[in-house]
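Biologist: I'd like a close look at a single part of this one. Could you pick out one residue, walk me through its surroundings, and then set it against the rest of the chain?

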Amino acid sequence: MGQAKPVLVPDVSQRDIEIAYSFTGADLLLFGAILYPGGRVPADGEKPADIVVVVKGPTQSVLVREKEKVAGIWVNAERMRYRSAPSFFAVASSRPIAQLVDERTRAIYELGVDSLQLSPASGAIPQVQARFDKGLVDLKTRTGLYYEAPNAVEITDGVLYRARLNIPARVPVGRFTAETFLIRDGRVLAAAVRPIDIRKSGFERFVATSAERHSWLYGLAAVALSILFGWSAGAIWRRF
């Protein structure tokens, strides 16, 4: 039998995050423990283990357009559609990921923004795809939906760990996952996943549910409200 490996016991401070009209973002606390075989914690002379936490949002189809300047005017040039790209991607680690694993391991486990395995809907030469991949990541990074937080994971006594990640206000709704990796000597020794649900609440949830389940009634209501507001504005303008 092979040597027993450590086990991760992770958790998150909020399994359900509700988005209301006043939602300005949330701080998500990710914490847990490392259970070593026989309860033996690595001694001070041994190389310590590191923790990486990856939070992903639901995948979505994304169309990326490249701008080009023609006669002094910026116009849409080439474009590329991705079948599935994470709507949110955040990574927290106890040390910079480049110091923990090699490039191949980073690509396998998607440990880092630059290691995301994106899926374009159509084939393209590697140089073009790399350019569009970089553009998509840059766009998501500037909006706060993709980011890395090196040295954000604190490990106490080699057993307990904790990290905080920011959930921005414009985060999409859906099922998220928080995946924790235990890394030592450049190898991933253990991994564990916890789900996180982000959904709208209050009136926003009612509107979203109505648009999804009763689309024709939602459309009629939207048209009726537009006519009512237009008539009201015209009546007030004529009066004054």
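Modeller: Pro 195 is partly exposed: its relative accessible area is 33%, and that lies between the 20% that bounds buried and the 50% that bounds exposed. Keep in mind that this is a predicted model. Pro 195 sits in strand β13, which covers residues 187-200. Leaving aside residues up to four places away in sequence, Pro 195 touches Arg 15, Arg 175 and Phe 176. As for Glu 179, that residue is 16 positions from Pro 195 in sequence, and the two C-alpha atoms are 8.7 Å apart.

For a contrast, take Glu 110, in the loop between α1 (103-109) and β8 (119-120). Glu 110 counts as buried because its relative accessibility is 13%, under the 20% cut-off. What does the side chain of Glu 110 do there? One polar contact goes to the side chain of Lys 56, at 2.2 Å. The Glu 110 side chain also reaches the backbone nitrogen of Gln 117, at 2.8 Å. Both partners turn up again among the residues Glu 110 touches, along with Val 54, Phe 89, Ser 115 and Leu 116, again not counting residues up to four places away in sequence.

Over in helix α4 (residues 215-239) you'll find Leu 228. Leu 228 is partly exposed, with 44% relative accessibility. Together with Leu 225, Phe 229 and Trp 231, Leu 228 forms a nonpolar surface patch with about 480 Å² of accessible area.

Now the whole chain. There are 4 helices and 13 strands, and 35% of the 240 residues are buried. Of the contacts with a separation of 6 or more, 70% join residues 24 or more positions apart. The accessible surface comes to about 14900 Å², and carbon and sulfur atoms hold 55% of that.

And how far to trust it? The average pLDDT is 83, and 82% of the residues score at least 70. Among the elements, strand β7 (residues 89-93) has the highest mean, 96, while helix α3 (residues 202-213) has the lowest, 52. Where pLDDT is low, the predicted coordinates shouldn't be read in detail.

How values were computed. Residues are numbered from 1 along each chain as its sequence is written. This is a predicted model: local features need pLDDT of at least 70, side-chain atom pairs count only at pLDDT 80 or more; totals for chains, interfaces and linings use all residues. Side-chain values use heavy atoms; hydrogens and water are left out. Helices (H or I, at least four residues) and strands (E, at least two) are DSSP runs, numbered from the N terminus. Buried means under 20% relative accessible area, exposed over 50%, partly exposed in between (1.4 Å probe, protein chains only). Contact means heavy atoms within 4.5 Å. Accessible areas come from the Shrake-Rupley method with a 1.4 Å probe; for residues, only the protein chains shown count as cover. Patches are made of residues with over 30% relative accessible area and no salt bridge: like charges are joined within 9 Å, nonpolar side chains (Val, Leu, Ile, Met, Phe, Trp, Tyr) within 5 Å. A salt bridge is a side-chain nitrogen of Lys or Arg within 4 Å of a carboxyl oxygen of Asp or Glu. pLDDT is the predictor's confidence in each residue, from 0 to 100. A polar contact is a pair of N or O atoms within 3.5 Å; within protein, one must be able to donate a hydrogen and the other to accept it, and residues adjacent in sequence count only if both atoms are side-chain atoms.
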